[in-house]
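Let us look at a structure together and ask, feature by feature, how it can be read.

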Amino acid sequence: MRIEYIIVILIGLVIAIAITRSKKKDFKLEANKLIMLLGGKDNVIDYQFNKSRFVVNLKDISKANKEGIQKLGAHGIVEIDNQLKIILGNDAKQIKKYINDLR
């Protein structure tokens, strides 16, 4: 009787671990996708992070796929001339690390 309970608990733990791992974001992949949605590395003039925002100056703003950036998880996008201010929320710190590695 006790072995059955132990088996049920172990199966529950395995399922919980699998669910937790599947929900983790791959920030390196997210950063690569973001750069591609901005028109590629060559389209990015400079960028900076400000808490939850990613501010990027682009050579050609028309190459940026704002709809794709929204689908990637941006909470909002503000366009001013050739600059995009992208609100990333809590993910900004992790994405910043990988974008800095890309340059």
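**Burial, rings and empty space**

A: At 17% relative accessibility, Phe49 counts as buried, a term that means under 20% relative accessible area, with exposed over 50% and partly exposed in between (1.4 Å probe, protein chains only). This is a predicted model, in which local features need pLDDT of at least 70 and side-chain atom pairs count only at pLDDT 80 or more, while totals for chains, interfaces and linings use all residues. Residues are numbered from 1 along each chain as its sequence is written, and side-chain values use heavy atoms, with hydrogens and water left out.

Q: How many aromatic pairs does a search of the whole structure find?

A: Rings of Phe, Tyr and Trp (its six-membered ring) pair if their centres lie within 6.5 Å, and planes under 30 degrees apart count as stacked, over 60 as edge-to-face and the rest as tilted. Here the search of the whole structure gives three such pairs. In one of them, Tyr47 and Phe49 are edge-to-face, because their ring centres are 6.2 Å apart and their planes stand at 80°. The rings of Tyr47 and Phe54, with centres 5.9 Å apart, have planes at 55°, so that pair is tilted. Tyr47, Phe49 and Phe54 together form one aromatic cluster, and Phe54 is buried, its relative accessible area being 1%.

Q: How many helices and strands are there in the protein, and what percentage of its 103 residues is buried?

A: Helices (H or I, at least four residues) and strands (E, at least two) are DSSP runs, numbered from the N terminus. The protein has four helices and four strands, which run α-α-β-β-α-β-β-α from the N terminus on. Of the 103 residues, 27% are buried.

Q: How is empty space inside a model found, and which residues lie closest to the centre of the largest cavity?

A: Rolling a probe the size of a water molecule over the atoms shows where empty space is left. On a 1 Å grid over the protein atoms alone, a cavity is a set of points where a 1.4 Å probe fits but cannot get out, and lining residues have an atom within 4 Å of a point. Grid points are joined across faces, edges and corners, and a volume is the space filled by probe spheres set on the points. The largest cavity has a volume of about 100 Å³. Eleven residues line this cavity, and the closest to its centre are Glu30, Leu72, Gly73, Leu88 and Ile95. Helix H2 (27-37) and helix H3 (66-72) are the elements that give two or more residues to the lining.

Definitions and conventions. On a 1 Å grid over the protein atoms alone, a cavity is a set of points where a 1.4 Å probe fits but cannot get out, and a pocket is an open set with protein on both sides within 12 Å along at least five of seven lines; lining residues have an atom within 4 Å of a point.
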